[in-house]
Amino acid sequence: MKRITLFSVVICISALSFSQDLYIGSASYITIQPDATLHIKGLGLEPAADYTLPSNTSLERLSTPAGTGNIAINRQFIVTPALDGYIGTLVFQYEDGELNGAVETELQLELYNTINSNWTPYAASIDTNANRMTYNFMSAVIFSKVTADYSETLDINSPNIAMPIKLYPNPTIDKVYIQYDHPIRTTLYNTLGQLIAKGNTHEIDLSAYEGATYFLTVEDKTTQNTYTFKIIKL
């Protein structure tokens, strides 16, 4: 079996196999060692420990927005099979022409978890000069898609935002109310992407949580449409 080990170097791969931007054959695999970086067409992996991309792994970059439920930019990466147990830094690069109307400074990193079939937002560091987003995963994640999007923040002073769901008040000192006429499911995450709470009511009680930024995903039970909002708890 062929083995490629990456030490403290940066390797840029652009050679294609079929339509993929990276393809690892059935008799090969790639191991990325700590302090090394693997960059593939704008996606960078900098693992905290040895991380192996197994045989038959493919990575493809698409110039279309992903269906995250928010304003996604025109770039996404699809990895098959999903990257499992990844700990370390993930680098996501983009071009100005791919922003798709999103506000660059409000971009959030989105990973698609194949286990629960959900997009999870992460508050990544953004370098607008380099068009680069960076997030350090301290605990293991599994994902098969990566993109960036803009989650509109709804607050009591912005009543005319054209969204089917409205949240108020935002920022809040305790509760947030969801103005929507259909049955919903709600999921609350912190900025690390960790699940905080789930529910199915139109009232979110944050009084027991510390003052911080949270992400609330609201799913319409009938249409399965999802919307993600950034909530600030004072």
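In the predicted model, strand 6, covering residues 43-47, pairs with strand 9 in the antiparallel sense, and five bridges are found along the pairing. Within this pairing, glutamate 46 has threonine 89 of strand 9 as its bridge partner. Strand 9 is also joined to strand 8 (residues 58-62), again by five bridges and in antiparallel fashion. Here arginine 61 is matched with phenylalanine 77 of strand 9. A further antiparallel pairing connects strand 9 with strand 13 (residues 132-150) over 13 bridges. In that pairing, valine 141 of strand 13 lies opposite tyrosine 86.

These strands belong to a protein whose secondary structure consists of 20 strands and zero helices. Of its 234 residues, 44% are buried. Contacts between residues at least 6 apart in sequence were also examined, and 61% of these join residues at least 24 apart. The accessible surface amounts to about 11,400 Å², and carbon and sulfur atoms account for 50% of that area.

Another part of the chain contains an open sheet of three strands, with antiparallel pairing and the order 14-15-18. Its edges are formed by strand 14 (166-168) and strand 18 (203-205), each of which pairs on one side only. From one strand to the next, the twist of this sheet averages 20 degrees. Strand 14 and strand 15 (residues 175-179) run antiparallel and are joined by three bridges. One of the residue pairs places tyrosine 168 against tyrosine 177, its bridge partner in strand 15.

An open sheet of four strands is also present, in the order 17-16-19-20 and likewise with antiparallel pairing. In this sheet the edge positions are taken by strand 17 (195-199) and strand 20 (226-233), each pairing on one side only. The average twist between one strand and the next is 20 degrees. Strand 16 (residues 184-190) is joined to strand 17 by four bridges, and the two run antiparallel. Tyrosine 189 is found opposite leucine 195 of strand 17.

Threonine 217 provides a view of the surroundings of strand 19 (residues 212-220), the strand in which this residue is found. Threonine 217 is classed as buried because its relative accessibility is 13%, and the cut-off for burial is under 20%. With residues up to four places away in sequence left out, threonine 217 touches Arg185, Thr186, Thr187, Tyr189, Thr226, Tyr227 and Thr228. Among these neighbours, Arg185 lies in strand 16.

Arginine 185 also takes part in a salt bridge, its side chain meeting that of glutamate 219 with an N to O distance of 3.6 Å. This pair links distant parts of the chain: arginine 185 belongs to strand 16 and glutamate 219 to strand 19, with the two positions 34 residues apart in the numbering. The two partners fall into separate accessibility classes. Arginine 185 has a relative accessible area of 38% and is therefore partly exposed, whereas glutamate 219, at 19%, counts as buried.

The whole structure contains five salt bridges. One of them is formed by the side chains of glutamate 106 and lysine 230, at 2.7 Å from N to O. This pair, too, links distant parts of the chain, as its members are 124 residues apart: glutamate 106 is in the loop between strand 9 (71-93) and strand 10 (107-113), and lysine 230 is in strand 20. With a relative accessible area of 30%, glutamate 106 is partly exposed. A further salt bridge is that of aspartate 127 with arginine 132, in which the closest N and O atoms are 3.5 Å apart. Both residues of this pair are partly exposed, aspartate 127 at 28% and arginine 132 at 29%.

Strand 20 also contributes to the nonpolar surface. Ile173, Ile232 and Leu234 make a nonpolar surface patch of about 300 Å², and isoleucine 232 is located in strand 20. The relative accessibility of isoleucine 232 is 31%, so this residue counts as partly exposed. The same value meets the patch criterion, because membership requires over 30% relative accessible area.

Conventions. Residues are numbered from 1 along each chain as its sequence is written. This is a predicted model: local features need pLDDT of at least 70, side-chain atom pairs count only at pLDDT 80 or more; totals for chains, interfaces and linings use all residues. Side-chain values use heavy atoms; hydrogens and water are left out. Two strands pair if DSSP finds at least two bridges between them. Axes are lines fitted to C-alpha atoms, for helices over the stretch in contact, and angles run from 0 to 180 degrees between N-to-C directions. Patches are made of residues with over 30% relative accessible area and no salt bridge: like charges are joined within 9 Å, nonpolar side chains (Val, Leu, Ile, Met, Phe, Trp, Tyr) within 5 Å. Accessible areas come from the Shrake-Rupley method with a 1.4 Å probe; for residues, only the protein chains shown count as cover. A salt bridge is a side-chain nitrogen of Lys or Arg within 4 Å of a carboxyl oxygen of Asp or Glu. Buried means under 20% relative accessible area, exposed over 50%, partly exposed in between (1.4 Å probe, protein chains only). Contact means heavy atoms within 4.5 Å.
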